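Me: I am new to this structure. I would like to ask why its parts are called what they are called. Please show me the reasoning each time.

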Amino acid sequence: MIALNRRMPQKCMECPCMQTYAINKENVQGVQYLIRYCAAAKQEMVVIEWDTSESVPDVWTNWSKPKWCPWQEIYENVDDEES
C-alpha cells in the first residue's frame, strides 16, 4: 500500500510511483528500449523496443491502470500523529 497525503491517481501517467526510462540499444544506432516502471509494485508496465525514426507506439502512453496497483484510497487525514 502507498500512503501519501494526496488523492489516488486515476491514471498511471499522473502517479509519482511511475518511472520512465529510455535506454539506447547496444551496437544498434537509433534504437532504444522504452520502459515504464512502477516503483511501488516493483514491476514493468510497458517495455518496448523503439526505432527512433518511427513514431512512438500508442501503447507507450495509453493503457488502463492495472488491477494490481498498490495504491489504496483513504478518506481520512494522514497528517496527524494518530493516523
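Me: What makes the strands an open sheet, and in which order do they come?
Reply: The model is predicted. It shows an open sheet of 3 strands in the order β1-β2-β3, with antiparallel pairing. The edge strands are β1 (18–24) and β3 (43–51), and each pairs on one side only. On average, neighbouring strands of this sheet are turned by 15° against each other, direction ignored.

Me: What other elements does the protein chain have, helices or strands?
Reply: The protein chain has 0 helices and 3 strands. From the N terminus on, the elements run β-β-β.

Me: How do you know that β1 and β2 pair?
Reply: Pairing takes at least two bridges between two strands. Here 7 bridges join β1 to β2 (residues 31–38). The cut-off is met, so the two strands count as paired. They run antiparallel.

Me: Which residues in β2 are the bridge partners of Q19 and A22?
Reply: Q19 has Y37 as its bridge partner in β2. For A22, the bridge partner in β2 is L34.

Me: What lies between β1 and β2 in the hairpin?
Reply: There are 6 residues between the two strands. N27 is in the turn, with a positive phi of about 65°.

Me: What makes that phi worth a remark?
Reply: Most residues other than glycine have a negative phi. N27 is not a glycine, yet its phi is positive. K42 is another such residue, with phi near 55°. N27 lies in the loop between β1 and β2, while K42 is in the loop between β2 and β3.

Me: Why is N27 called exposed?
Reply: Exposed means over 50% relative accessible area. N27 has 82%, so it counts as exposed.

Me: And is K42 buried or exposed?
Reply: K42 has a relative accessible area of 65%. That is over 50%, so K42 is exposed.

Me: Why is Q32 called buried?
Reply: Buried means under 20% relative accessible area. Q32, in strand β2, has 18%. That value is under the cut-off, so Q32 is buried.

Me: Which residues is Q32 in contact with?
Reply: Neighbours within four places in sequence are left aside here. Q32 is then in contact with A22, I23, N24, K25, I48, E49, W50 and T52.

Me: What makes the link between Q32 and N24 a polar contact?
Reply: A polar contact needs a suitable pair of N or O atoms within 3.5 Å. The side chains of Q32 and N24 make theirs at 3.0 Å. The distance is within the limit, so it fits the term.

Me: Why is the meeting of K25 and E49 called a salt bridge?
Reply: The term asks for a side-chain nitrogen of Lys or Arg within 4 Å of a carboxyl oxygen of Asp or Glu. The side chains of K25 and E49 meet at 3.2 Å, N to O. That is within 4 Å, so the pair qualifies as a salt bridge. The pair links distant parts of the chain, 24 residues apart. K25 is in the loop between β1 and β2, and E49 is in strand β3. In general, side chains of opposite charge can pair when their charged atoms come close.

Me: How many salt bridges does the whole structure hold?
Reply: A search of the whole structure finds 1 salt bridge.

Me: Why does K25 count as partly exposed?
Reply: Partly exposed is the range between under 20% and over 50%. K25 has 25% relative accessibility, so it falls in that range.

Me: And what makes Y33 partly exposed?
Reply: Y33, in strand β2, has 29% relative accessibility. That value also lies between the two cut-offs, so Y33 is partly exposed.

Me: Which residues does Y33 contact?
Reply: Leaving aside neighbours within four places in sequence, Y33 is in contact with Y21, A22, I23, K25, I48 and E49. Y33 and V47 are 14 residues apart in sequence. Their C-alpha atoms are 6.9 Å apart in space.

Me: What does A22 touch?
Reply: A22 is found in strand β1. Not counting residues up to four places away in sequence, A22 touches Q32, Y33 and L34. The C-alpha atoms of A22 and I48 are separated by 9.8 Å. Those two residues are 26 apart along the chain.

Me: How many of the residues of the protein chain count as buried?
Reply: Of the 83 residues, 24% count as buried. The accessible surface of the protein chain comes to about 6,400 Å². Carbon and sulfur atoms hold 46% of that surface.

Terms used: Residues numbered from 1 in each chain as written. Predicted model: local features only at pLDDT ≥ 70, side-chain atom pairs only at ≥ 80, totals over all residues. Heavy atoms only, no water. Helix = DSSP H or I, 4+ residues; strand = E, 2+ residues; numbered from the N terminus. Buried < 20%, exposed > 50% of the residue type's maximum accessible area, 1.4 Å probe, protein only. Areas by Shrake-Rupley, 256 points an atom, 1.4 Å probe, with all protein chains shown as cover. Axes fitted to C-alpha atoms, helices over the stretch in contact; angles between N-to-C directions. Polar contact = N/O pair within 3.5 Å; in protein donor to acceptor, adjacent residues only side chain to side chain. Contact = heavy atoms within 4.5 Å.
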